[in-house]
Amino acid sequence: MNPSRLPVRCLTSILVLVAGALAGSGCSSSEPAESKYLIGSGSADITGPIVDVPFTGYSQPTHIANGVHTRLNARAFIIGDIDGGKRLVFVVTDLLNVSQEVRLSVVDNLQAKHGDLYSVDNVVVSATHTHSSPGGFRHDGAYREAYFEAVVNGVTQAIEDAHEDLRPGRILLGEGSVDDAGANRSAVAYRQNPDDERSRYENDTDKEMVLLKFERDDGVIGALSWFAVHPTSLTFNNSLVSADHKGFAAIEMEKLLRARAETTDGVVAAFAQSNCGDVTGNLNLDNTGPGDTDYESASIIGQRQLDAAMALYDGASEPLSGGVDHRFTLVDFTDLEVSDEFTGAGSQRTCFPAYGYSFAGGSTEDGGGHPIFMEGMLEQDESIETLVQLVLMPPPVTDEMRACQAPKPVLYPKAAQPPLPIGVAKLGQLALVFVPSEVTTMSGRRMRETISNILGDEVSHVVIAGYSNDYAGYITTPEEYAVQQYEGGHTLFGPWTLPGFRQELARLARALAEGTPAPGSDEQGDLRGEVDSQRVGNDFDEPPEQGAFGDVIVQPEPLYEPGETVSTSFWTGHPDNAPLGGAPYFEVQRQVDDGWTTVATEADWSTQARWTQASRVIPPYDPLDPFAVPPPPINEAFTVSVDWQIPADVEPGIYRVLLHGSTKPAGSASDPFIAATSRFELAPR
Ligand SMILES: [Zn+2]
């Protein structure tokens, strides 16, 4: 460590030592003296509609939600200088990605209450990238205003809770590796990177998890970790809303931590995403593994992250030391000049964003895409051009665009591209890099190197916080881009995308190092109020032909053992006609002296609830018919099946399942009801 950069407390200790007044202060270059920070954590529900909304992660039009596996959450941390200086808000949402509009509305809400304490210059909303969260909160063709509001309200609530929770405390950092939780799904592209660069790394994915443990006098308030792996364990064969493996890890870690004496009641565990652009949890590299089913695979990959996080939590001993500082800006990447320092090939320019053929081919290892496309396509094709013009009617492609994007054959350009939010923050010796993109393994390593070189040895850890504040496709290295695997075909700004991002992040890092303001910002993209909203729910619920709403169709068996699955079903209405936001859809309850206690809901990994209508058939995923149109909502009564896979550790006793259903008569608001199954016994093991 450069002596001129020793933390102030360390210097004080050395002076004391020199004076001979105190021995063994514990200050050494390997163990920085801890600093106090203002820290707070909070979490809130952001589950939106769960039936009749499209999932957008796999680009399969008939991949439509019909129920819930887990709820979706926003988990927030605020980290501030103890002396009232700068603070940083970091939120992890169980979403595929986030939008600038979400962050703008969250900031509007915060500013209405706290003035300019929070702004786009210190609030980061990131996504875990779970592919089993529905689309529709973004201002695109699937926009649903009610879902956008549920997300904005939940994220705001999580931050408000963290704000109310702010107290002085310390932050401990742990770093370790997570084994067998991810594989490189684009080894062909990775191998294009120079030999001498690859030889510096043991693996073709980053195995490191970095974890922060937030500790105060009143207890541990949370743990926040970053690890790179795509949440695609739940494939397009899953039609239930779910937080996938990162959700499994978060839900289970919060249970473990809440049971411990050293934590506060509201302890929050968040598993954030890092540079997972080319990393899949489908370890067989054929859209399966390591488990026998999607849900089993998700729990295995989640458990491996959870085990690593718990070990880091228990062993975290490196206190963060030094102030909180950050720089944020918005950059127009559509035609950015990138200097030789970052291209190594003279001055170059980024391109107006466009998708390549291999984008439509999808990642073969994660299930693939349209069958006429495949990874590695490098040639423009007349018959494909004709088909795309007929089916998609995309914005025109210019010769200039094609030349700029080469060797990517352009499938179609984006219609518009607002400037993109990027940021760099420093929490003591930890630097965080915020990009709105899916960053491949080697791209992330180059970005980290750029930041390390500028911030010097004041910073010992650099973390890529991907999927932050917006979504802008992938970032591959120029060498990876050249072979146009899926990630290269989805690298929107052309071959110099990564050098462009590194150049702009370097500007922010230099401003941080020199204590100067962030470079000037472009204007924020904002489509609020400009996109028509689609409906959530249906017009009304027709009564069932046999029976009535609330009737139990399938009762539980009288007796079960742990490990077995309780299956029930009821008549009900469309679940999304009821107000969105936090109320349980069902509860599994155990009888106690004075009534019933709830042991599981849809917030738990062990349950699944699926809504179906007799006449409604959603075509299953069919690679030969990728342009299939999903059916519109209909007004028929639903049956909802509620399944509970009984965990090994639940108490024996008398149980029941409660449904919180609703019916919507034509022309009026939905009417809630509660229905209960018959009682069943859970035998001791
Ligand atoms: Zn992805």
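These are my notebook entries on the domains, strands and backbone features that I looked up in this predicted model.

**Entry 1, domains.** I began with the domain assignment of the protein chain, which gives domain 1 as 1-33, domain 2 as 34-331 + 418-514, and domain 3 as 552-682. For domain 1 and domain 2 I then took the distance between the C-alpha centres, and they lie 34 Å apart.

**Entry 2, the six-stranded sheet.** I next traced an open sheet of six strands, whose order reads β2-β3-β29-β30-β26-β24, with antiparallel pairing. The edge positions are held by β2 (51-54) and β24 (552-554), and each of these has a single partner strand, so one side of each is left without a neighbour in the sheet. From one strand to the next, the twist averages 35°.

**Entry 3, β30 and its two partners.** I followed β30 in more detail, starting with β26 (residues 565-572), which pairs with β30 (residues 638-645) in the antiparallel sense over eight bridges. Within this pairing I noted that Ser567 has Asp643 of β30 as its bridge partner, and that Thr572 stands opposite Phe638 in β30. I then turned to β29 (residues 607-612), which pairs with β30 over six bridges, again in the antiparallel sense; here Trp611 stands opposite Val640 of β30.

Which side chains of β30 point to one face and are buried? I found Phe638, Val640, Val642 and Trp644 on that buried face, whereas Thr639, Ser641, Asp643 and Gln645 point to the other face and are not buried. The alternation is what one expects, because in a regular strand the side chains alternate between the two faces of the sheet. Read together with the pairings, this puts Phe638, the residue opposite Thr572, among the buried side chains of β30, while Asp643, the bridge partner of Ser567, is among those that are not buried.

**Entry 4, β14 and β19.** I also looked up strand β14 (residues 324-331), which is mostly covered, since seven of its eight residues are buried. Its antiparallel pairing with strand β19 (residues 420-427) runs over eight bridges, and in that pairing I recorded Val331 of the one strand opposite Leu420 in β19.

**Entry 5, cis peptide bonds.** I checked omega and noted a cis peptide bond that joins Gly289 and Pro290, where omega is about 0°. Pro290 has its place in the loop between β12 (279-280) and α7 (294-315). A cis peptide bond also joins Ala406 and Pro407, with omega at about 5°, and Pro407 lies in the loop between α11 (399-405) and β18 (410-413).

**Entry 6, positive phi outside glycine.** I then looked at Ser59, which is not a glycine and yet has a positive phi of about 50°; I located Ser59 in the loop between β2 and β3 (64-68). Asn469 is likewise not a glycine, and its phi is positive at about 75°; I located Asn469 in the loop between β22 (461-465) and β23 (474-475).

Are Ser59 and Asn469 buried or exposed? I classed Ser59 as partly exposed, because 15 other C-beta atoms lie within 10 Å, a number in between the limits of 12 or fewer for exposed and 20 or more for buried. Asn469 counts as buried, with 28 C-beta neighbours inside 10 Å.

Technical notes:
Residues numbered from 1 in each chain as written. Predicted model: local features only at pLDDT ≥ 70, side-chain atom pairs only at ≥ 80, totals over all residues. Pairing = 2+ DSSP bridges. Axes fitted to C-alpha atoms, helices over the stretch in contact; angles between N-to-C directions. Domains from an automatic or database assignment.
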